[in-house]
Amino acid sequence: MRKAALHNLGCKVNAYETEAMQQLLENAGYEIVPFHETADVYVINTCSVTNMADRKSRQMIHRARKQNPQSIVVAAGCYVQSAGGGATEDGMADIILGNNKKNRLVPMIEQFERERRSVSELEDVNDGKKEYERLSITKTAEHTRAFIKVQDGCSQFCSYCIIPYTRGRVRSRALEDILCEIRTLAAGGCREVVLTGIHLSSYGVDTGDSLLHLVAEAHNIEGVARIRLGSLEPGIITEEFARALAGMEKFCPHFHLSLQSGCDATLKRMNRRYTTEEYADRCALLRRYFKNPAITTDVIVGFPGETDEEFQQTKRFLERIRFYEMHIFKYSMRKGTRAAGMEPQVAEPVKAERSAELIALGAQMSKAYRDSFLGTRTAALLEEPLEYGGVSYYAGYTKEYVKVAVEAGKNSPNSIVFGKITRQLDRELYLMVEF
């Protein structure tokens, strides 16, 4: 049996697509092996969100070639979409699969084997006429939790972001196609689904549907115990949206609201379409409808023109909102974006200093949020066995995505247990005693 290995870089959408490509290979008769092993085919699903992501994508392509010079190396995704033909100039990749072409993986491998020359499937994803690419999964590696891609593309054009150029305009997946996939996964034992997309908030704008309707329909599927959302834009959080979600028992009050900066002047240069006060109002709305919801975010430091005072405004705003978790990124110049031509560019040492400061702040706020659950009664979906201090546990997550451990006993992965969070075991792990 021929062997194939896959490696994913980047976001949850990429991870979903990598799983889908793996299942295409399995259906074609390939045995899937770890990426570090010798394989006949290597597939690297690349990322281009930062310069570092580009570099890691190139490194993984080279690593695959080095591991087995006789193998077929496939480079797919955002980096090759942005690099175009340049992705194969050094001869490392045999097959290039751009975005919206990943379902062509097996036919492209077969074409390469017939012709023994480099082949490429790249198209202009920005012509506005592309349909949603049909990819699906029937199982998930995590078993307990499945990430479901429901949307592709973005039409926001934030001044720093390359993704609209690599993913194209908004394209929504058909509602029944999504629900069919969730039913299949639930029948296979999956208890939690996470709806994700490149710009999830825009789901349905091209089809007359909405993300709220999708969540409501998924809520009706038997076997699904939890529904979680991927990254959202603040504008989607309305009174109607919050009230409706609060009325759904299966919904997890874990909101990743993209912020990027806590300074209005910086937000304007970024072409973000809200102010800090509007963002704060959305967070207040969530806290009105949900008891202690988890609110997480992304922040970019060192955006062109960011002064010391603008950075301090951001820091004060973050302290005001009190996030559960923050993903801090140093601004990365992307050729072809408006921000690449903005002046002044912030020096790397300044970016590093600001990043470290916000990472430290984020750690403090994260601990404070997790500590707020001490003494409370809650439920956790167990995922995996864990040994800690010579005791056997099962680790899992609350609806707010706080990690807890319960003593193994009669428990097993993929079960939901109820208990009281009593103390901190480790930096991000809390003990929950069943009742």
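Visitor: Why is Arg-427 called exposed?
Guide: In this predicted model, Arg-427 has a relative accessible area of 57%. Exposed means over 50%, so Arg-427 earns the word with its 57%.

Visitor: What makes Glu-428 partly exposed?
Guide: Glu-428 has a relative accessible area of 38%. That value falls between the 20% and 50% cut-offs, so Glu-428 counts as partly exposed.

Visitor: How do you know that Glu-428 and Arg-427 form a salt bridge?
Guide: Check the gap between the closest N and O atoms, which is 3.4 Å. A salt bridge needs a side-chain nitrogen of Lys or Arg within 4 Å of a carboxyl oxygen of Asp or Glu. One partner is an Arg and the other a Glu, and 3.4 Å is within 4 Å, so the pair qualifies. As for the general idea, side chains of opposite charge can pair when their charged atoms come close.

Visitor: Which residues are joined into one network by salt bridges that share partners?
Guide: Glu-17, Lys-102, Lys-149, Asp-152, Arg-167 and Arg-171. The whole structure has 33 salt bridges.

Visitor: What makes the contact of Glu-17 with Lys-149 a salt bridge?
Guide: An N and an O of their side chains are 2.6 Å apart. That is within the 4 Å limit, so it counts. The two residues are 132 places apart in the chain, with Glu-17 in helix α1 and Lys-149 in strand β7.

Visitor: Why are Glu-17 and Lys-149 called buried?
Guide: Buried means under 20% relative accessible area. Glu-17 is at 0%, so it passes. Lys-149 is at 1%, so that residue passes too.

Visitor: And how do you know that Asp-177 and Arg-173 form a salt bridge?
Guide: Their N to O distance is 2.9 Å, which is within 4 Å, so the name fits. Both of these residues are buried.

Visitor: Let's move to Asn-45. Why is it called buried?
Guide: Asn-45 has a relative accessible area of 0%, which is under 20%, so buried is the right word. You'll find Asn-45 in strand β3, residues 41–46. Not counting residues up to four places away in sequence, Asn-45 touches a list of residues including His-7, Met-21, Gly-77 and Lys-102. Glu-17, from the salt-bridge network, is also among the residues that Asn-45 touches.

Visitor: What makes the meeting of Asn-45 and Thr-18 a polar contact?
Guide: The contact is between their side chains, at 3.1 Å. The distance limit is 3.5 Å, so 3.1 Å fits.

Visitor: Why is Ser-261 called buried?
Guide: Ser-261 has 1% relative accessible area, and that is under 20%, so it is buried. Ser-261 sits in the loop between β12 and α9. Its side chain makes a polar contact of 3.2 Å with the side chain of Thr-314.

Visitor: What makes a group of residues a nonpolar core?
Guide: The members must be buried, of nonpolar kinds such as Leu or Val, and joined through side-chain atoms within 4.5 Å. The largest one here has 59 residues, and Leu-211, Leu-229 and Leu-245 have the most contacts inside it. Helix α6, residues 175–187, gives this core its largest share, six residues. Another core, of 19 residues, lies apart from it and includes Phe-35 and Met-60. In general, nonpolar side chains tend to be buried together in soluble globular proteins.

Visitor: How do you know that β12 and β13 pair?
Guide: Pairing takes at least two bridges. Strands β12 and β13 have three, so they pair, and they do it in the parallel sense. One spot to look at is His-256, which stands opposite Thr-296 in β13.

Visitor: Why are β11 and β14 called edge strands?
Guide: Each pairs on one side only. They sit at the ends of the order β11-β12-β13-β14 in an open sheet of four strands.

Visitor: What makes β17 a partner of both β16 and β19?
Guide: Count the bridges again. With β16 there are five, in the antiparallel sense, and with β19 there are two, running parallel. At least two are needed, so both counts are enough. Within these pairs, Tyr-397 has Lys-403 as its bridge partner, and Val-404 stands opposite Tyr-430.

Terms used
Residues are numbered from 1 along each chain as its sequence is written. This is a predicted model: local features need pLDDT of at least 70, side-chain atom pairs count only at pLDDT 80 or more; totals for chains, interfaces and linings use all residues. Side-chain values use heavy atoms; hydrogens and water are left out. Buried means under 20% relative accessible area, exposed over 50%, partly exposed in between (1.4 Å probe, protein chains only). A polar contact is a pair of N or O atoms within 3.5 Å; within protein, one must be able to donate a hydrogen and the other to accept it, and residues adjacent in sequence count only if both atoms are side-chain atoms. Contact means heavy atoms within 4.5 Å.
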